[in-house]
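Biologist: Please pick one part of this model and walk me through its surroundings in detail.

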Amino acid sequence: MESKMDVSVFTENGLALLEDNSDLEKIADEAFSFEGYQVVRREFFAHKFAPALTIKGNSIVFNSACINKLENAVYVQVLINPQQEKLVIRPCDEDTKDSLRWCIAKSEKRKSRQITCGLFTAKLYNLMGWEAQYRYKLLGTKKRIDGEEIYIFDLTATEAYLPNTTEPKDGETKSKKKTPVFPADWRDSFGIPVREHSASTQISLTDYGVMDVNQRNEGDENE
């Protein structure tokens, strides 16, 4: 028969004898706290295949990852909360008021499309104080709210890109590598505290207004 080894650990009340491993696990659980931890922003990692919305000049584009993760959605509503500075994408039927066709749907395949919406983007740039010549990329978070699958985009969590520039090299003109510009207040942190992080995607759709981005402008691409 194997002999049982007594194990003692230091606790807040001094040296204590452990009866079994469950006591050790309990002490470890009680000792650990998320206080002081930050959830590192995913923008700091490679995220080529993450759901994203790009806003540029007078148009917006949802990438394929974004479209494919809302499997059956061809039409959506765009909701804005100016106070919370968040944008929500909610699937809807074609005949729903202010519905927007956010992708090209042929047979069973869907792909992204460039949506011309000059008035909407102008209001958005003005609301957020964005630079007119910049292109902005936002990563989306998929959530289920009141039984609906939606995307939430934080309008303050942007990757800003300057217009494409070129430089001569060996007699040829080549595009310079694009480097994103992040919000200035990200410089001094890795992310937001754990407790705040969970609350950052808790929303109520009743706080959001539906935006009409269906402008029938000439030259609307990928119809």
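**A strand and its two partners**

Modeller: Happy to! Among contacts (heavy atoms within 4.5 Å) with a separation of 6 or more in the protein chain, 65% are between residues 24 or more positions apart. This is a predicted model, where local features need pLDDT of at least 70 and side-chain atom pairs count only at pLDDT 80 or more, while totals for chains, interfaces and linings use all residues. Numbering starts from 1 along each chain as its sequence is written, and side-chain values use heavy atoms, without hydrogens and water.

The chain has 4 helices and 17 strands; these are DSSP runs numbered from the N terminus, with helices being H or I of at least four residues and strands E of at least two. Of its 223 residues, 34% count as buried, meaning under 20% relative accessible area with a 1.4 Å probe and protein chains only (exposed is over 50%, partly exposed in between).

My pick is β13, residues 148–161. Because 10 of its 14 residues are buried, β13 is largely enclosed by the rest of the structure. Two strands count as paired if DSSP finds at least two bridges between them. On that basis, β12 (residues 135–145) runs antiparallel to β13, with 10 bridges; one pair of bridge partners is arginine 144 and glutamate 149. These two strands form a hairpin with 2 residues between them, where aspartate 146 adopts a positive phi near 50°.

Strand β7 (residues 86–92) is also antiparallel to β13, joined by 4 bridges. Here leucine 87 has phenylalanine 153 of β13 as its bridge partner. In a regular strand, side chains alternate between the two faces of the sheet.
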